[in-house]
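Visitor: I'm new to this one, and I'd rather see a single spot properly than race past everything. Please pick one and take me through it slowly, then show me how the rest hangs together around it.

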Amino acid sequence: MQLSKRHFLQLSAGVLGSLPFASLALANVSAGRDSALTDLTKGVQPISAQERLVRIDKARSLMRANHMAAMVLEPGPAMDYFTGIQWWRSERLTAVVIPADGDIAVICPFFEEPSIRESLEVGDDVRVWQEHESPFALVAQVLKDRGISKGQIGFEESVRYFVLDGVMSQLGNFTHTSADPVTRGCRMYKTPHELALMHKANEITLTAYAHVWKNLQLGMTQHDVKALMQGAQAKLGGSGIWNMALFDQASAYPHGTKQQHVLKEGSVVLMDCGCAVEGYQSDISRTFVFGEPSAKVRKIWNTVREGQNVAFAAAQLGKAAGTVDDAVRAYYAKQGLGPDYKLPGLSHRTGHGIGMQGHEPVNFVRGETALLKPGMCFSNEPGIYLPGEFGVRLEDCIYMTENGPRWFTEPAGSLESPIGKLATPVT
């Protein structure tokens, strides 16, 4: 983005002289330019009860294959994935028990039952406990009622220790194990409907980036830019919105710093933002330059952009996910960066899994042996960071198809055209 006459006049009129007030004014002006932003989620179909039943059937099959008698979930994405229940965690247990054979059951506090039933889409066995009672005894009773008297109980990876300990204290003939083979075996491989929801979330975030790029103004703070992105994603229909904006030296920290910067001629602007549509996430990073980029910034930006190509080319069916990270680091080492995680260079993994959570297993990281298969989704973000100077991160997500990787959003073409475009979904 070139420094326009209007931008120059704003600066010369003393915009920076009263920065806190000027910054707020600039944000207000920019936020008012969103009249063209309309809700992109109209007509989006949520995950149906029938789809959740299919998921539960698959989970049962995986439980039997892994010698599990049942699986225990706490509130979070996994519980939502299988049942539709959207709840939070507290010291009062709410849990879902999915047996390998038999109907699922929900355990919750008595006074929460009406609220739990609001989002429960499958099953009708909801068992309640009063404040003086043990919820863990209810888990044991659910298993007994289904004729399950021994075996392994799988616990979803985020279940808290006091829950595992409490449940197992009631189950004398059982052992506990990780439910990862079940939960990952289901959630890691997205269906066409899930991919469509992720496409929509990416469309929202990418459209919001275009809005922000058009409305960057001299003197803006990082907070102003984040607010601009927040408002745009919200108006476009995103939920669970998150945003990060880092300028200049702050952009050399992948997840930010307390350093405060304002937008000036030649500033590097690194943004990492996303939202959800029906619970499915986007995650896109863009690095802009406000005004004319230096030769060094341009070189690093182009190197990161090629790093994305290297990662995409390496992400082939049947290959270990870790080889994608290996390929990027080998390329960067040839450019005199790194090696390994050393700076200047790539100090984090090349990418992470994504779906109902912004970060899910598995990752594009050294040593990851999981093989790439259709339905798996990843971020592709081989950033480069130069401490004390700036950082560049370009991030677009991909998904694996029967014919190899596909983009959700096609990466930006250049610093002069830094947005990219929405990719055509595979039908």
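**A loop with two oddities, and beyond**

Guide: Asp340 is partly exposed, because its relative accessible area of 38% lies between the limits of 20% and 50%. Keep in mind that this is a predicted model. You'll find Asp340 in the loop between helix 12 and strand 11, and its backbone is a bit unusual: phi is positive, about 55°, even though Asp340 is not a glycine. In general, most residues other than glycine have a negative phi, and most peptide bonds are trans. The second half of that remark matters here too. The peptide bond from Gly338 to Pro339 is cis, with omega near 0°, and Pro339 sits in the loop between helix 12 and strand 11 as well.

There are other oddities of both kinds elsewhere. His67 has a positive phi of about 60° without being a glycine, and its place is in the loop between helix 3 and strand 1. With a relative accessible area of 62%, His67 counts as exposed, because that is over 50%. Another cis peptide bond joins Pro361 and Val362, where omega is about -5°; Val362 belongs to strand 12.

Now back up from our loop into helix 12. Helix 12 crosses helix 11 at roughly 145°, and their axes come within 8 Å. The crossing is right-handed. On the helix 11 side, the contact uses Thr303, Val304, Glu306, Gly307, Val310, Ala311 and Ala314, while helix 12 brings Thr323, Val324, Ala327, Val328, Tyr331 and Tyr332. By character, the residues of this contact divide into nine nonpolar, three polar and one charged. Gly318 lies in the loop between these two helices, helix 11 (295–314) and helix 12 (322–334). Gly318 counts as partly exposed, because its relative accessibility is 47%. Setting aside residues up to four places away in sequence, Gly318 touches Leu371 and Leu372.

Next, follow His67 to its own surroundings: the loop where it sits runs between helix 3 and strand 1. Take helix 3 (residues 49–65) to begin with. Helix 3 packs with helix 8 at an angle of about 140°, their axes 9 Å apart. The two are therefore oblique to each other, and their crossing is right-handed. Arg55, Lys58, Ala59, Leu62 and Met63 of helix 3 meet Pro181, Val182, Gly185 and Cys186 of helix 8. That contact divides into six nonpolar residues, one polar and two charged.

Helix 8 is mostly covered, with six of its eight residues buried. The buried ones are Asp180, Val182, Thr183, Gly185, Cys186 and Arg187. What covers them includes helix 3, strand 1, helix 4 (77–83), strand 6 and strand 12, and strand 12 is where we met Val362.

Arg55 links us to another buried spot. Among the contacts of Tyr280, leaving aside neighbours within four places in sequence, are Ile47, Arg55, Tyr81, Glu194 and Met356. Tyr280 is found in strand 9 (residues 280–281), and with a relative accessible area of 1% it is buried, because that is under 20%.

That leaves the strands, starting from the sheet. It is open, has six strands in the order 4-3-2-1-5-6, and its pairing is mixed. At the edges are strand 4 (126–129) and strand 6 (174–178), each pairing on one side only. From one strand to the next, the twist averages 25°. Helix 6 (residues 135–145) packs on the sheet, touching strands including strand 1 and strand 4, and its direction makes about 150° with that of strand 4. Helix 8 (residues 180–187) packs there too, touching strand 1 and strand 6, with its direction at about 70° to that of strand 1.

To see the pairing itself, try strand 5. Four bridges join strand 1 to strand 5, which run parallel, and Val72 stands opposite Phe155 of strand 5. Strand 5 pairs with strand 6 in the parallel sense as well, over five bridges, and there the bridge partner of Phe155 is Ser178. Over by the strand 4 edge, four bridges join strand 3 (residues 105–109) to strand 4, also running parallel, and Val106 faces Val126 of strand 4.

Conventions. Residues are numbered from 1 along each chain as its sequence is written. This is a predicted model: local features need pLDDT of at least 70, side-chain atom pairs count only at pLDDT 80 or more; totals for chains, interfaces and linings use all residues. Side-chain values use heavy atoms; hydrogens and water are left out. Two strands pair if DSSP finds at least two bridges between them. Axes are lines fitted to C-alpha atoms, for helices over the stretch in contact, and angles run from 0 to 180 degrees between N-to-C directions. Contact means heavy atoms within 4.5 Å. Angles under 35 degrees count as roughly parallel, over 145 as roughly antiparallel, 65 to 115 as roughly perpendicular and the rest as oblique. A crossing is left-handed if the near helix is turned anticlockwise from the far one by less than a right angle, and right-handed if clockwise. Ala, Val, Leu, Ile, Met, Phe, Trp, Tyr, Cys and Pro count as nonpolar, Asp, Glu, Lys and Arg as charged, and the others, Gly among them, as polar. Buried means under 20% relative accessible area, exposed over 50%, partly exposed in between (1.4 Å probe, protein chains only).
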